[in-house]
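Open the model in a viewer with residue numbering switched on. The stops below go from the whole chain to single contacts.

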Amino acid sequence: MATVKRKTYDRDHCPIRDVLDRVGDRWSMLVLHTLAENGTLRFSALKVAIEDISQRMLAQTLRRLEQDGLRTVYPTNPPRVEYALTPLGKSLLDPLKVLVKWARQNHRRVLDARKNYVPPPRQQAL
């Protein structure tokens, strides 16, 4: 039997996978969209706006977005942290708006397709 060699994943040479792995996770797009719609926000305001995200997950998501250069922190005196999109984060807004528009226009169709999906019959092992 022939073996299939799998290429190893190299982040530096696969920008599509690298970027989409980050911004395509469950929360990043919602955080980016919320910051785009509301401008600079404090952590608590983001948490209220994205009501079903846990505090821990919001903190992790914000940290990853900052690491990728998509959002920035404004520490002030007295200490108060606010979050906003960087120019790089803002450059993602046009493609994000297209995706959000598509999702709104097609959500019912996707839900109907899921509801009507019939999995293929399972084959029995020999």
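**Whole chain**

Among contacts in the protein chain (heavy atoms within 4.5 Å) between residues at least 6 apart in sequence, 45% join residues at least 24 apart. This is a predicted model, in which local features need pLDDT of at least 70 and side-chain atom pairs count only at pLDDT 80 or more, while totals for chains, interfaces and linings use all residues. Residues are numbered from 1 along each chain as its sequence is written, and side-chain values use heavy atoms, with hydrogens and water left out.

Colour by secondary structure. The protein chain has six helices and three strands; these are DSSP runs numbered from the N terminus, helices being H or I with at least four residues and strands E with at least two. From the N terminus on, the order is α-α-β-α-α-β-β-α-α.

Switch on the surface. The accessible surface of the protein chain is about 10,400 Å², and 55% of that belongs to carbon and sulfur atoms; the areas come from the Shrake-Rupley method with a 1.4 Å probe, and for residues only the protein chains shown count as cover. Of the 126 residues, 22% count as buried, meaning under 20% relative accessible area (1.4 Å probe, protein chains only).

**The sheet**

Select 41–42, 71–76 and 80–85, which are strand 1, strand 2 and strand 3. The three strands make an open antiparallel sheet in the order 1-3-2, where pairing requires at least two DSSP bridges between two strands. Strand 1 and strand 2 stand at the edges with a single partner strand each, so one side of each has no neighbour in the sheet.

How many bridges join strand 2 to strand 3? There are six, and the two strands run antiparallel. One pair to label is Tyr-74 with its bridge partner Glu-82 in strand 3. Strand 1 and strand 3 pair over two bridges, also in the antiparallel sense. Here Leu-41 has Tyr-83 of strand 3 as its bridge partner.

Now add residues 28–38, helix 2, which packs on the sheet and touches strand 1, strand 2 and strand 3. The direction of helix 2 makes about 95° with that of strand 3; axes are lines fitted to C-alpha atoms, for helices over the stretch in contact, and angles run from 0 to 180 degrees between N-to-C directions.

**Helix 2 against helix 4**

Select helix 4, residues 55–67; its axis and that of helix 2 come within 10 Å and cross at roughly 75°. The two helices are therefore roughly perpendicular, the class for angles of 65 to 115 degrees. Show side chains for Ser-28, Val-31 and Leu-32 in helix 2, which meet Leu-58, Thr-61, Leu-62 and Leu-65 in helix 4. By class, this contact has five nonpolar, two polar and no charged residues. Nonpolar covers Ala, Val, Leu, Ile, Met, Phe, Trp, Tyr, Cys and Pro, charged covers Asp, Glu, Lys and Arg, and the others, Gly among them, are polar.

**Helix 2 against helix 6**

Select residues 93–116, helix 6, whose axis comes within 11 Å of that of helix 2 and crosses at roughly 105°. Helix 2 is thus roughly perpendicular to helix 6. The contact involves Met-29, Leu-32, His-33 and Ala-36 of helix 2, and Leu-93, Leu-96, Leu-99, Val-100 and Arg-104 of helix 6.

Finish by centring on Met-29 in helix 2. Which residues does Met-29 touch, not counting those up to four places away in sequence? They are Val-23, Leu-96 and Leu-99.

Methods: Angles under 35 degrees count as roughly parallel, over 145 as roughly antiparallel, 65 to 115 as roughly perpendicular and the rest as oblique. Buried means under 20% relative accessible area, exposed over 50%, partly exposed in between (1.4 Å probe, protein chains only).
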